[in-house]
Amino acid sequence: MTMRLDVERHYWLERLTSEGLGHVMAALPAHISNTLGGDRNFIMSAVQVDGLALCMASQFLKKDREVVLKALENDSDGTSFHFADDCLREDREVILASVQRRGRALELAADSLRADREIVHAAVSQDGNALEYAADGLRADRYIALAAVRCAGLALQHVAEDLRANREVVLAAVTEDGRALHFASEELKSDHQVVLTALRQIGVVLTGMETVQQMFLKAAQRNGELLVLGDKALRSDRRVVRVALRAMGVFLTGKETLREMLFKAVQTDGSALQLASDELKADKQLVLAAVGARADSLQFAPQQLLADRDVTAAAAACSVR
């Protein structure tokens with residue numbers, strides 16, 4: 001029996017090495033899979049070939065921290081941790097090894113470890129958006145926030161509100177990804193250096209001598225939807241909105257009021273509702289026109305209209321067309 005098991009081990013390890021895990025899983029008979037899955041020597045050898053081979057292990061071996069750590073050593077993106085037993089979510093060494101390879105594995109960690117500064121820093125340094133799963137206190141930690149946004153600018157959306165008004169944090173975010181400006185405080189959305197850095201990162205050609213309004217006019221000529229990155233005042237500026245809507249393909253005479261321009265726009269593409277000022281987003285008729293053209297434009301409607309029967313019915317009717 002031992003000799004036969006040795007032969008099976010050798011045969012399937014050879015196939016794992018030469019053909020890959022997918023082919024082995026498809027070819028492995030169930031009775032042999034059950035036997036090898038509970039064989040610690042085989043699983044240890046298998047995860048050294050491919051960390052994802054942890055999926056072949058018995059539930060008992062998925063609780064074995066040495067086996068799981070060995071799997072993580074041989075798994076470039078940490079996906080193998082998904083196959084580990086839940087009991088290891090509280091194991092600091094295992095979680096640290098996992099987030100160093102796949103930052104978002106922080107989601108699987110116990111609450112106490114999501115509040116561990118070293119673990120969270122390792123996670124956001126690998127994937128800035130892992131900040132979403134950190135404890136609230138660490139999302140408000142400037143050191144952690146900077147590490148996150150330097151890795152992924154859009155992680156600014158997961159940073160505590162106070163730090164979205166921190167110029168150093170926001171500049172780091174828009175330097176990495178200009179679109180992060182969308183999540184900055186209103187004050188920093190009109191900061192000349194922040195806006196200049198963000199729009200240049202996106203690819204807008206600027207001299208640096210323009211005012212914030214002039215920079216957004218140039219941005220809107222290139223891509224109308226870039227207007228959403230600016231402060232709220234820009235969406236009440238008729239000239240800027242007109243340039244943005246024309247860039248989105250809306251035919252305008254230039255004589256329309258702000259409301260009339262947006263009505264024309266949302267009837268063609270409901271997503272243009274995102275360019276409306278807060279006052280116009282509260283206009284039920286405008287929202288009805290938007291969701292009637294595109295159901296998912298409901299995401300841009302204000303809270304008070306999300307539960308409105310007419311609005312939800314129009315969105316539902318559009319979604320089934």
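This tour visits two acidic loop residues and then the largest pocket of a predicted model.

Local features require pLDDT of at least 70 and side-chain atom pairs pLDDT 80 or more, whereas totals for chains, interfaces and linings use all residues. Residues are numbered from 1 along each chain as its sequence is written, and side-chain values use heavy atoms, with hydrogens and water left out.

**Asp 141.** Select Asp 141 in the loop between α9 (136–139) and α10 (142–151); helices are DSSP runs of H or I of at least four residues, numbered from the N terminus. Asp 141 is buried (under 20% relative accessible area, 1.4 Å probe, protein chains only), its value being 14%. Show next the backbone nitrogen of Ile 144, which the Asp 141 side chain reaches at 3.2 Å. Then add Arg 117 and Leu 163, with which Asp 141 is in contact when neighbours within four places in sequence are set aside; contact means heavy atoms within 4.5 Å.

**Glu 210.** Move to the loop between α12 (192–202) and α13 (212–222), where Glu 210 is found. Glu 210 is also buried, at 5% relative accessible area. A polar atom of its side chain lies 2.9 Å from the backbone nitrogen of Thr 207. Display His 192, Met 215 and Lys 218 as well, which Glu 210 touches, residues up to four places away in sequence not being counted.

**Lining residues.** Finally, select His 182, Lys 189, Val 228, Leu 229 and Gln 274: of the 21 residues lining the largest pocket (an atom within 4 Å of a point on the 1 Å grid), these are the closest to its centre.

Note on methods. Helix = DSSP H or I, 4+ residues; strand = E, 2+ residues; numbered from the N terminus. Buried < 20%, exposed > 50% of the residue type's maximum accessible area, 1.4 Å probe, protein only. Polar contact = N/O pair within 3.5 Å; in protein donor to acceptor, adjacent residues only side chain to side chain. 1 Å grid on protein atoms, 1.4 Å probe; cavity = no way out; pocket = protein on both sides within 12 Å on 5 of 7 lines; lining within 4 Å. Points joined across faces, edges and corners; volume = space filled by probe spheres on them.
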